[in-house]
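The exercises below ask the reader to examine one protein structure step by step. Each task is followed by a worked solution.

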Amino acid sequence: MNNDLAYSSRNCWEVYADRQCKMDELAERYMAFLSASKTERETVNNVTQILRAASYSEDFANERVFRHYRGKAIFVARRGRKPLRDGVRLISAHTDAPRLDFKQRPLLEQVGVGQAKTHYYGGIRKYQWLARPLAVHGVIVKEDGTTVAVSLGEHPSDPVFTIADLLPHLAQKEMGKTLSDAFEAEKLNVILGHSPEKKADGAEKKEQTGDADKAKDQVKARMLRLLHERYGVREEDLFSAELQVVPAGPARAVGLDSALIGGYGQDDRVCVYASLAALLDAEAPEHTCCLIYWDKEEIGSEGSTGAQSRFMEYCMRDLVETWEPDAKTRDVFQASKAISADVHAAIDPDWQDLHEKLNSATIGHGPSFSKFTGSRGKYGANDAHPEYIGWLRSVLNQRGIPWQMAELGKVDLGGGGTVALYLAAYGMDTIDMGPAVLSMHSPFELVSKADLYATKLAYQAFFEAASCR
C-alpha cells in the first residue's frame, strides 16, 4: 500500500518526544486543578480565579470578560481583531460529572449505623461506588439565605465516608443476578457515623420507665450535633442543600512511567482545563474567542445552567450590544465555528470486542473528532458538515498536531450524547473533539498526558486559525 495515500493516526509520545518537560508541567497544573474541582461549583469557582488572575473582568466593556451563572455555568470571551459579525470561535465543555447526590431528607440510622440516602446522578455503574473512600462536597443554604460550603474527606485530617458492600459469604443469590438487579440504587447509602450521642443525666432511668422513644436514633442524633457544631445547621437545612458524594483523594499519575493521569471527573474537566489553557495562551487571535462551560450535560443538558438554557444566547446578546451594537446576534452565531469539547471512549485493551476498531479512538493518539454522537441511526446527533471537518483537519495538520476520528462503540451497541446539537441549533458549524478516556464515568478515569498536551494545542490552534477558506 502507498503510505503517502493511506491514513493512520500518530502516537503523541513519538510526535512530542522532545517536549516531555512541557507535557509534565501541563499535567501537574491540570492534576492540581482536577483535584480541587470535584463539583461543578468548585470547577466554575476555580476557572473564575484563573481568569481573574489573567485580568479577565465581569464588565463587558472590557476586551477580556466572563460571566458566571448560579455558580455552575460560565461564559468567557476574548476580543479578536475581526468584528463580531465575522463570527466567533467557541469551545464548549461541561462542568458536571456522574456522582451520588444526598436525598433532600438523607439522614437515617439502621442497626447502629448512621447513613445518608443518595440518588445517583448521570450514568454510573453502581458497584464501582461501593467499599471505597468517599468525600462529601457541596453547599447548605440556611433559611436566612446564608450559604455554607461543605468539603469533607479531602484533607488528610478529615474522616472519609463509604458505602458498605455485601460480603461474598452472603452474596450467593446476588452473584446470580444481573448487575442492575444485584446493586439496588436505594442501597447506595453512605456511612456517616456509628457512635451514639452521649446519654444525658437520667436518660437510663427514663428508658426503664417506658420513655424509650427519646433514646432512639442516638447515632443520628450525634450526626446532627456534629453537623451543627461544624456548620451551624439543623436537619431542616438539608432540604435546601446540594451535597454531592464523590471519590475522596487527589488525582494521581498512573503507571511505572507516570504516563497516565488518574482521577475523578475527567469527563469533562479535562476539556475544561485544556480549553481554558488554550484560550489564555492563544496569540493574537483573529476572531473573538469564547468559552462556555455548562452544567447538567450528564442528565440531558436541562435546567437553567444546562446547554438547553438561554444563558449563552443572553451573554452573546450583551456582548454584541456592548462591543458592536450595529451587528445582529443571529449573524454572529451563524458565522461562528464551535467545538463541543467532550471526551471520547478509548479502545479498552480488555474489551476490544465492543469497539469497531477501524472507527475507534486509541489512547495516546491525540484528540478525537466525533462527526456524530447519538445512537442507533444517529438519533440525537449533530452530524458535522464535511466542509467544516476538512477545514479543521487542515488547521491541525498545518501545525503537525496528531488527531484521530472515532465513533462511540459498534452500531446498535454504543451511543451517547453531548451538547453539540444545542450549539448547532444556532447555526454554528459544530463538531465534538476531545481526548480519549479509559474507565469513563467511573470514579477513577484515565487520560494520557500526551493526549492532554495535544488537545490543548489543538484547541489553541482552533482559536488562532485564520478565517475559513
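**Exercise 1.** Is Leu-276 buried or exposed?

*Solution.* The model is predicted, so local features need pLDDT of at least 70, side-chain atom pairs count only at pLDDT 80 or more, and totals for chains, interfaces and linings use all residues. Residues are numbered from 1 along each chain as its sequence is written, and side-chain values use heavy atoms, with hydrogens and water left out.

Step 1: recall the cut-offs. Buried means under 20% relative accessible area, exposed means over 50%, and partly exposed lies in between (1.4 Å probe, protein chains only). The areas themselves come from the Shrake-Rupley method with a 1.4 Å probe, and for residues only the protein chains shown count as cover.

Step 2: apply them. Leu-276 counts as buried because its relative accessibility is 1%.

Step 3: place the residue. Leu-276 belongs to helix 8, residues 266-281. Helices (H or I, at least four residues) and strands (E, at least two) are DSSP runs, numbered from the N terminus. Between the C-alpha atoms of Leu-276 and Glu-242 there are 26 Å, while along the chain the two are 34 residues apart.

**Exercise 2.** Determine which parts of the chain are tied together by the salt bridge of Lys-38 and Glu-154.

*Solution.* Step 1: state the rule. A salt bridge is a side-chain nitrogen of Lys or Arg within 4 Å of a carboxyl oxygen of Asp or Glu. By this rule the count comes to 26 salt bridges.

Step 2: check the pair. The side chains of Lys-38 and Glu-154 meet with an N to O distance of 2.7 Å.

Step 3: locate both partners. Lys-38 is in the loop between helix 2 (20-35) and helix 3 (40-53), and Glu-154 is in the loop between strand 7 and helix 4, so the bridge ties together parts that are 116 residues apart in sequence.

Step 4: describe the surroundings. Lys-38 is buried, at a relative accessible area of 2%, whereas Glu-154 is partly exposed at 24%.

**Exercise 3.** Find where Arg-67 and Asp-318 lie, and how many residues separate them.

*Solution.* Step 1: the side chains of Arg-67 and Asp-318 form a salt bridge, 2.7 Å from N to O. Step 2: this pair links distant parts of the chain, with Arg-67 in strand 1 (residues 64-69) and Asp-318 in helix 9 (residues 311-323), 251 residues apart. Step 3: Arg-67 is partly exposed, with a relative accessible area of 26%, and Asp-318 is partly exposed at 28%.

**Exercise 4.** Describe the second largest pocket and a nonpolar patch that shares a residue with its lining.

*Solution.* Step 1: define the terms. On a 1 Å grid over the protein atoms alone, a pocket is an open set of points with protein on both sides within 12 Å along at least five of seven lines, and lining residues have an atom within 4 Å of a point. Grid points are joined across faces, edges and corners, and a volume is the space filled by probe spheres set on the points.

Step 2: give the values. The second largest pocket has a volume of about 650 Å³. Among its 23 lining residues, Leu-130, Ala-164, Asp-165, Leu-166 and Lys-187 are the closest to its centre. Helix 5 contributes the most to this lining, namely three residues.

Step 3: follow Leu-166. Leu-166, Leu-167 and Leu-170 make a nonpolar surface patch of about 280 Å². Patches consist of residues with over 30% relative accessible area and no salt bridge, with like charges joined within 9 Å and nonpolar side chains (Val, Leu, Ile, Met, Phe, Trp, Tyr) within 5 Å. Leu-166 has 42% relative accessibility and counts as partly exposed; its place is the loop between strand 7 (147-152) and helix 4 (172-175).

Step 4: follow Lys-187. Lys-187 counts as exposed at 55% relative accessibility. Its salt bridge is with Glu-184, the closest N and O atoms being 3.7 Å apart.

**Exercise 5.** Which residues other than glycine have a positive phi, Asp-383 and Ser-439 being examined in turn?

*Solution.* Step 1: Asp-383 is not a glycine, yet its phi is positive, about 60°. Asp-383 sits in the loop between strand 15 (368-370) and helix 11 (386-398). Step 2: Ser-439 also has a positive phi, near 60°, and lies in the loop between strand 18 (436-438) and strand 19 (445-448).

How values were computed:
On a 1 Å grid over the protein atoms alone, a cavity is a set of points where a 1.4 Å probe fits but cannot get out, and a pocket is an open set with protein on both sides within 12 Å along at least five of seven lines; lining residues have an atom within 4 Å of a point.
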